[in-house]
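User: Hey, can you walk me through this model? I'd like to know what packs against what.
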Amino acid sequence: MCGIVGYIGTRQAAPILLDGLKKLEYRGYDSAGVAILNEGTITVEKTKGRLKNLYDMINGGKKLPGTVGIGHTRWATHGEPSDVNSHPHASESGRIAVVHNGIIENYMKLKDFLIGKGYTFISDTDTEVVAHLADYYYNGNLLETMVKIIHRVEGSYALGLVSSDHPDQLIAVRKDSPLIIGLGEGENFIASDIPAILKYTRNIYLIDDQEIALLTRDGVTLYNTYLEEVQKEVFTVDWDIAAAEKGGYEHFMFKEIMEEPQSVLNTVGPVLRQGLLKFDTIPDRISIVACGSAYHVGIVGKYVIEELTRIPVEVDIASEYRYRNPIITKDTLVVVISQSGETADTIAALREAKKQGAKIFGIVNVVGSSIARESDEVLYTLAGPEIAVATTKAYSTQLTAVYLLALSLKKAMGQLPPEDEKHYADELMRLPDLISEMIEQKEKIQYYASKFFNAKSVFFIGRGLDYALSLEGSLKLKEISYIHSEAYGAGELKHGTISLIEDGTLVIAVATQEKLFEKIVSNIREVKARGAVVLSVATEGCEMIEECSDGVLYIPKTDPLFAPSPAVTLLQLFAYYVASLKGCDIDKPRNLAKSVTVE
């Protein structure tokens, strides 16, 4: 959430900032703005709404001369979306402008302090505090000013700052919010994520918490809070800009679903070729911690890991993990799952677990991200950049990673005979083909979407792994189509949920687990008897489900533990077509953000 771009060089800054912000639209935002430094003056232009509003306001950047600037797309946390609450924010003197991603937790205390010093606030944001605080502490040296800000501000932040007194400098710092530094020739950049600057450079610095970057046209110097220089290796991005473009598809989400077979193959292939992951010690308990779709991966993981290893697994929503005083020992393996590797709640949970002595196993998609760097072991999901807010290929590769983790633990325990290892490896290597078969059914999936896209409420039901899968299918539908949707364990219907079923209610019944076919058929009959319309998702060969369903979509047979992989692609496509028929903004659903970097 929130996007930051900064530029210092010899080219006009505003068009570069707009271009970078456009590449960050996937992060979610409700307003946009830029601050341009030119001839000793900072000009701020900002507006609520889409980036196009800002683009038109400043004529694609041509209206604003100057070769130094910062830009921002805001996702509201403090104050409603409005022109005045948009970033950048400037000090009263006009000599300092700042952009910020994150939350300043002690901003009210700082605001009262600054009001007492004569400062006037015009916005409802926490960020304006930083602009005035910078002005209050400014002593002619921006680095020293930034250190004083860091020592006073509590919370999470990525900051970009420019000053009219220093037209040849751009200052940046981060703590618990993503920020990278792009290294060019005669120009340098800051950004929240790689796609914003990949057009201009592949060489970046991955800065750590409370490292301050001083950018000039000629170079970048990094400092710690004692203003000692920090040496950092240059990270070179090895994927192409085309990976972050639509490539002729109408939506990023559809493109990313189409990429799932290759993404899954990229994730599973290298691990199986090199041999499963090595574990020197076996945990006595596993705790999976994640948010959103990654949390749903964790629920699948619980079923799979416990089935294969008999190691007890608990799954926690990361935002709740720290606050329930979790029981953690040195023999606990904490598995943290995040696409971006910068999810604030997940990072906080990781640090809490690590502080209590647990070993951390990270499953992330972004190399060099905070979770990747802070985990003891990392398994990368090689999905490539995912731009659509609603995750698809990242979820699918996370599922694959969980399967690999479960099998690796089973082998380390001496419980995976060669013939079983071969069976599971063969089934994992089949997954890309099975997912491709789902994609080939897209016309049939679209047909059912056209029948049900006007549904007011949808209920997903399933048992065991099918319940875990239903959670993600329901989330995908609600987040991009805005249809109210819930997932329930099918056995819980009789304990209250069935009271919500009435004539015409759409129920999506998931039945991929053969041992539970008869149970789920009974549940389908229960909702049908109360007027529900039922669309079932079942494994080939489960003909009994046709007798009690209004429509059936089939997935190919595979090992039941791996059935969620092709089935989730089917549900993703269903959600996509429903949202498309409703005319929704599929890649940028309202109120949502891609990388959630606030708690």
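Analyst: Sure, one term up front: contact, or touching, means heavy atoms within 4.5 Å. With that, S31 touches T47, K48, G49, H72, T73, R74 and S86, leaving out residues up to four places away in sequence. Before going on, this is a predicted model, so to speak plainly: local features need pLDDT of at least 70, side-chain atom pairs count only at pLDDT 80 or more, and totals for chains, interfaces and linings use all residues. Residues are numbered from 1 along each chain as its sequence is written, and side-chain values use heavy atoms, with hydrogens and water left out.

User: OK, where is S31, and is S31 buried or exposed?
Analyst: S31 sits in strand β2 (residues 31-38); helices (H or I, at least four residues) and strands (E, at least two) are DSSP runs, numbered from the N terminus. S31 counts as buried because its relative accessibility is 0%. The cut-offs are under 20% relative accessible area for buried, over 50% for exposed, and partly exposed in between (1.4 Å probe, protein chains only).

User: What does its side chain make a polar contact with?
Analyst: The side chain of S31 makes one with the side chain of D30, at 3.3 Å. A polar contact is a pair of N or O atoms within 3.5 Å; within protein, one must be able to donate a hydrogen and the other to accept it, and residues adjacent in sequence count only if both atoms are side-chain atoms.

User: Switching to T397. Where is that one, and what does it touch?
Analyst: T397 is in helix α12 (residues 393-412), and at 0% relative accessibility T397 counts as buried. The side chain of T397 reaches the backbone oxygen of A394 at 2.9 Å. Setting aside residues up to four places away in sequence, T397 touches S263, V264, T267, T381 and A383.

User: V264 is in a helix, right? Which helix does α7 cross, and at what angle?
Analyst: Helix α7 (residues 260-274) and α13 cross at roughly 175°, and their axes come within 9 Å. That makes α7 roughly antiparallel to α13. Axes here are lines fitted to C-alpha atoms, for helices over the stretch in contact, and angles run from 0 to 180 degrees between N-to-C directions. Under 35 degrees counts as roughly parallel, over 145 as roughly antiparallel, 65 to 115 as roughly perpendicular, and the rest as oblique.

User: Who's making that contact?
Analyst: From α7 it's E260, P261, V264, L265, V268, G269 and L272; from α13 it's A425, L428, M429, L431, P432, I435, S436 and I439. They divide into twelve nonpolar, two polar and one charged. In this count Ala, Val, Leu, Ile, Met, Phe, Trp, Tyr, Cys and Pro are nonpolar, Asp, Glu, Lys and Arg are charged, and the others, Gly among them, are polar.

User: And how do α13 and α14 sit?
Analyst: The axes of helix α13 (residues 418-440) and helix α14 (residues 442-452) come within 5 Å and cross at roughly 50°, and the two are therefore oblique to each other. M438, I439 and E440 of α13 meet K442, E443 and I445 of α14. That contact has three nonpolar, no polar and three charged residues.

User: What about α8 and α15?
Analyst: Helix α8 (residues 292-309) and helix α15 (residues 465-481) pack at about 170° with their axes 8 Å apart. That makes α8 roughly antiparallel to α15. The contact residues divide into nine nonpolar, three polar and two charged.

User: Now the core. Which residues touch the most other members?
Analyst: In the largest nonpolar core, with 86 residues, those are I286, V335, I337 and F574. Helix α17 (residues 564-582) gives the most to this core, with eleven residues. Apart from it lies another core, of 30 residues, among them Y107, A134, M146 and V173. A nonpolar core is a set of buried Ala, Val, Leu, Ile, Met, Phe, Trp, Tyr and Cys residues joined through side-chain atoms within 4.5 Å.

User: Last one: which peptide bond is cis?
Analyst: The one from H87 to P88, with omega near 0°. P88 lies in the loop between β4 (68-74) and β5 (89-90).

User: And which residue has a positive phi of about 55°?
Analyst: N59, although it is not a glycine. N59 is found in the loop between α2 (51-57) and β4, and is partly exposed, with a relative accessible area of 48%.
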